Amino acid sequence: MKKSIIITGASRGIGQAIAFQSANEYDRIAITSCHHPEELMDTRERLINLGVECIAVSGDSGDHVFVQKFVDTIFTNWGRIDALVNNAGISYMGLLSEMDIADWELLLHTNLSSVFYYCHAVIPHMVHEHAGRILNISSVWGESGASCEAAYSATKGGINALTQALGKELAPSRIAVNALACGAIRTNMNAMLSPEETKNLEESIPYGRMATPEETAEFALGILSAPDYLTGQIIRFDGGWL
């Protein structure tokens, strides 16, 4: 039976790397992103060249109407959803007192509400099959918090709590729900750092460098392929940073 997976925020970075890594395990890969539609379609073509079926649609994962339509399209075409990776996310750096309400709402919808929307749409299909895997891409800041990233930390902390609660809720249905708490990953999200800031950051990581999207994706697929007894866990991937 052909296996299918949904990956959000897959036009670049961690999401794209997970999509490529998934081609080793899944026959059908559905990808989406809110921005960079050209890169999303390029990712689709590369996945097809790897021999998998691929559905790619640009849309806002923070919009519950889009999410439901996207999930419905996947189920209509493929008849099952075996795994979901909630990777879509944005960052915000700055003092909380200087943050616009609109920025908070955008961060909340993109980072946290999107996870709820996709889980809400996908879980009934997984419960019907009595099987499934959900992996939420989180951050170490969801565990410890980061100065000048309070709002971002709050959204990732929410993801962690949702992960742990759903892990308990869905265990009887043999659906594993885990979160990957990433440390510093060499993606566009960290490209804003100056060379000096990058150097200082990497010196603070015991392993001595940021992780690559590719090794992060390899670890993510390892979690997805683990026995479903592994559930409700927040698993760090940070080079010993915390």
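A residue counts as exposed when its relative accessible area is over 50%, and as buried when that value is under 20%. With that yardstick in hand, let us walk through this predicted model, starting at a spot on its surface. Pro206 has a relative accessible area of 61%, so this proline is exposed. Pro206 sits in the loop that links H7 and H8. Setting aside neighbours within four places in sequence, Pro206 still touches Gly239, Gly240 and Trp241. A little further along the chain comes Leu242, 36 residues away from Pro206, with 9.2 Å between the two C-alpha atoms.

Now let us go from the surface to the interior. Nonpolar side chains in soluble globular proteins tend to be buried together. Here the largest nonpolar core holds 31 residues, and Ile7, Ile18, Ile29, Ile31 and Leu47 have the most contacts inside it. Take Leu47 as a way in: beyond its neighbours within four places in sequence, Leu47 is in contact with Ala19, Phe20, Ala23, Ile29, Ile31, Val52 and Cys54. There is also a second core, separate from the largest, with 25 residues, including Val71, Tyr117, Cys119 and Val177.

Several of these names lead to strand E2, which spans residues 28-33. How many of the residues of E2 are buried? Six of six are, so the strand is mostly covered under the cut-off of 20% relative accessible area. Arg28, Ala30 and Thr32 point one way from E2, while Ile29, Ile31 and Ser33 point the other way, and all of them are buried. Beside it runs strand E1, residues 4-8, which pairs with E2 in the parallel sense over five bridges. In that pairing, Ile7 has Ile31 of E2 as its bridge partner. Both Ile7 and Ile31 are among the residues with the most contacts inside the largest core.

Helix H1 is another enclosed element. Eight of its ten residues are buried, so H1 is largely enclosed by the rest of the structure. The buried residues of H1 are Ile14, Gly15, Gln16, Ala17, Ile18, Ala19, Phe20 and Ser22. Two of these, Ala19 and Phe20, have already appeared as contacts of Leu47.

H1 also brings us to the empty space in the model. The largest pocket has a volume of about 1,100 Å³. Of the 46 residues that line this pocket, Gly89, Ile90, Ser91, Thr187 and Met189 are the closest to its centre. The elements that give two or more residues to the lining are H1 (13-22), H4 (101-129), E5 (132-139), H6 (150-170) and H7 (195-203). If you are thinking about the chemistry of the wall, its residues divide into 20 nonpolar, 21 polar and five charged.

The second largest pocket contains about 160 Å³ of space. Its lining consists of Lys3, Glu25, Tyr26, Arg80, Asp82, Ala83, Ala131, Gly132, Arg133, Leu221, Leu224 and Ser225. Strand E5 and helix H8 (213-224) each give two or more residues to this lining. By class, the lining has five nonpolar, two polar and five charged residues.

E5 deserves a visit of its own. Gly132, one of the lining residues of the second largest pocket, lies in this strand. Is Gly132 buried or exposed? Its relative accessibility is 6%, so Gly132 counts as buried. Apart from neighbours within four places in sequence, Gly132 is in contact with Asp82, Met126, Arg174, Ile175 and Ala176. By contrast, the C-alpha atoms of Gly132 and Lys199 are separated by 40 Å, with their positions 67 residues apart along the chain. Asn136 is also found in E5, and Asn136 is buried because its relative accessible area is 0%. Outside the four places on either side of it in sequence, Asn136 is in contact with Asn86, Val115, Ile159, Thr163, Val177, Asn178, Ala179 and Leu180.

We finish with the backbone. Most residues other than glycine have a negative phi. His130, in the loop between H4 and E5, has a positive phi of about 60° although it is not a glycine. With a relative accessible area of 43%, His130 is partly exposed. Arg174 likewise has a positive phi, near 60°, and is found in the loop between H6 and strand E6 (175-182). Arg174 is partly exposed too, with a relative accessible area of 44%. This arginine links back to E5, for Arg174 is one of the contacts of Gly132.

Key
Residues numbered from 1 in each chain as written. Predicted model: local features only at pLDDT ≥ 70, side-chain atom pairs only at ≥ 80, totals over all residues. Heavy atoms only, no water. Core = buried A, V, L, I, M, F, W, Y, C linked by side-chain atoms within 4.5 Å. Buried < 20%, exposed > 50% of the residue type's maximum accessible area, 1.4 Å probe, protein only. Contact = heavy atoms within 4.5 Å. 1 Å grid on protein atoms, 1.4 Å probe; cavity = no way out; pocket = protein on both sides within 12 Å on 5 of 7 lines; lining within 4 Å. Points joined across faces, edges and corners; volume = space filled by probe spheres on them. Helix = DSSP H or I, 4+ residues; strand = E, 2+ residues; numbered from the N terminus. Nonpolar A, V, L, I, M, F, W, Y, C, P; charged D, E, K, R; others polar. Pairing = 2+ DSSP bridges.
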